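Reader: I should like to go through the assignments made for this model and ask what each one rests on. Please set each value against its criterion.

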Amino acid sequence: MTEYTAWALAEGIRTGTFTAQEVAQAHLAQIAAAESQVAAFLTVTAERALAAAGQIDARRAAGDPLPPLAGVPMGVKDNLCTEGVATTCASKMLETFVPPYTATAVERAEEAGAVSLGKLNMDEFAMGSSTENSHFQITRNPRDLSRVPGGSSGGAAAAVAAGECAFALGSDTGGSIRQPAAFCGVVGMKPTYGAVSRYGLVAFASSLDQVGPLTRTVRDNALVLNALAGKDSRDATSLDRDWGDFTAQLDGGVKGMRIALPREYFDRGLAPEIAAAIRGAADTFARLGAQVEEVSLPTLEYALPAYYVISSAEASSNLARFDGVKYGYRSPHYSDLDSLYKNTRTEGFGREVKRRILLGSFVLSSGYYDAYYKKAQQVRTLVKGDFDRILRDFDCILSPVAPTTAYKIGEKAADPLQMYLGDVYTVPVNIAGVPALALPCGADSQGLPIGMQLIGRPFGEGDLYRAGQAFEQDREGEKSCV
Ligand code: GLN
């Protein structure tokens, strides 16, 4: 059962092939078996899960129609608030924080019937690309336990890849859903900015953060996003629009679709095996009837520095609330208000978080604001313009997700700049606010998953799912032939 898709599990529960409690039990057993190696979960809420599953079974027994995700086991990244269940952001700062409310995204998934199994490991406050910045534990990539699962939603991607849950909710500020999805061989969507409410998502960089699903198939991803997307009066940046049903046009194929392949994305630093896999994907799309053309996206190299300036600036402001006064960790060592703040933050935050706060405070400070923050905002406008220009003529852009496949645990941990460079293909998407879908497109010579990214127009999620589905079906077909 732990290999079934969310779609199949929901269908099986609806038709009575198995009960929601059996499904929850099977996944809890898989968690018990896999966690000593994978370490994706920070909290497992077995009792709550079995109770929620029991309610689904009772509803079915009473003859009530079941919602689309009824009984499907999910995992939730630990920066999404869950009422009565610890939400730590993988930080010592929030080690004992139990929120009094639930994030809208989690609430909507639960309203759609999903059963939460617990909270997933991440880089502290979502800052990182390998999940090695967690205060609590190192999550391992289920495809190769000596390697990182990617990050910051590394726990989410690993849990889905290891069959511990059928899908997971992650967050993506600069690639944190897509890059771990690529590293672990699963499907991840960063929706259009404003598609999913950020209410209850612990803020990293508010103008970039989006919640989205990690799943094993494209269809599952569309199914979960159906539940998440929509206006929320508690998040003023959530969009008021009718998103329709993302699963409705899944099987429409790519005939006549126009796909852009940016030349610059193949220039430097991209592993040759990944370049070959992306070109192979382009050939597949062409064979399936799409029109694939090379284009130029010259702002690529400026997006990364702009992202690190903007996201750190916003983080330095957002994280000012963790001061030892209202909630979370409070240092026992203080003699006045200043030393309370200082020691709390010194002891409560890890190195990477401190680095971002310092960088962000610096770029916002008088005398440097114009040179860094303002300049980065100007670059942001240029990047957005580049995407707008290309997406006027094309339905989507095909690109790598990351320059390498999953690397060894510890390999980049000591060199933050190396780590940042790995985000080059994902951050432009957040800077521009557009949606992007990451999905598997092959494996390297060591058998590690390679991911590709389809970047779409604002509100173009449906197109991305349709293209992703066509590709996935084609590759699946190939697999079943051999
Ligand atoms: N790796 C990027 C960073 O460290 C993106 C993180 C994210 O999307 N949350 O900022």
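Reader: What makes up the lining of the largest cavity, by class?

Author: The model is predicted. By class, five nonpolar, seven polar and two charged residues form the lining of the largest cavity. Glycine is counted as polar in this scheme, and Gly128 is among the residues closest to the centre of that cavity, together with Ser129, Ser176, Tyr307 and Asp423. The lining comprises 14 residues.

Reader: Why is this space called a cavity, and what is its volume?

Author: The term applies because a 1.4 Å probe fits at the points of a cavity but cannot get out. The largest cavity holds about 80 Å³ of space. A search of the whole structure finds three cavities of 30 Å³ or more.

Reader: Where does the ligand sit in relation to these cavities?

Author: The ligand takes the space of the largest cavity. A molecule is assigned to a cavity if more than half of its atoms lie within 2 Å of the grid points, and the ligand is therefore placed there. The protein buries 99% of the 290 Å² that the ligand exposes when taken alone.

Reader: Which residues come nearest to the ligand, and what is the class make-up of the shell?

Author: Thr173, Gly174, Ser176, Tyr307 and Arg356 come nearest, out of 15 residues around the ligand. The shell has five nonpolar, seven polar and three charged residues.

Reader: What makes the approaches of Gly128, Ser129 and Ser152 to the ligand polar contacts?

Author: A polar contact is a pair of N or O atoms within 3.5 Å. A backbone N or O atom of Gly128 is 2.9 Å from an oxygen atom of the ligand. An N or O atom in the side chain of Ser129 is 2.8 Å from a ligand nitrogen atom. For Ser152, a polar side-chain atom lies 3.5 Å from a nitrogen atom of the ligand. Each pair therefore meets the cut-off.

Reader: Why is the peptide bond between Gly151 and Ser152 worth a remark?

Author: The bond joining Gly151 and Ser152 is cis, with omega about 10°. The remark is made because most peptide bonds are trans. Ser152 lies in the loop between strand 3 (115-120) and helix 5 (154-161).

Reader: What is the phi of Ala39, and where does Ala39 lie?

Author: Ala39 has a positive phi of about 55° although it is not a glycine. Most residues other than glycine have a negative phi. Ala39 lies in the loop between helix 2 (20-38) and strand 1 (41-44).

Reader: Which helices each supply at least two residues of the lining of the second largest cavity?

Author: Helix 6 (178-184) and helix 13 (416-421) do so. Gln179, Phe183, Gln418 and Met419 are among the lining residues. The second largest cavity holds about 60 Å³ of space.

Notes. Residues are numbered from 1 along each chain as its sequence is written. This is a predicted model: local features need pLDDT of at least 70, side-chain atom pairs count only at pLDDT 80 or more; totals for chains, interfaces and linings use all residues. Side-chain values use heavy atoms; hydrogens and water are left out. On a 1 Å grid over the protein atoms alone, a cavity is a set of points where a 1.4 Å probe fits but cannot get out, and a pocket is an open set with protein on both sides within 12 Å along at least five of seven lines; lining residues have an atom within 4 Å of a point. Grid points are joined across faces, edges and corners, and a volume is the space filled by probe spheres set on the points. Helices (H or I, at least four residues) and strands (E, at least two) are DSSP runs, numbered from the N terminus. A residue is near a molecule or strand if one of its heavy atoms lies within 4 Å of it. A polar contact is a pair of N or O atoms within 3.5 Å; within protein, one must be able to donate a hydrogen and the other to accept it, and residues adjacent in sequence count only if both atoms are side-chain atoms. Accessible areas come from the Shrake-Rupley method with a 1.4 Å probe; for residues, only the protein chains shown count as cover.
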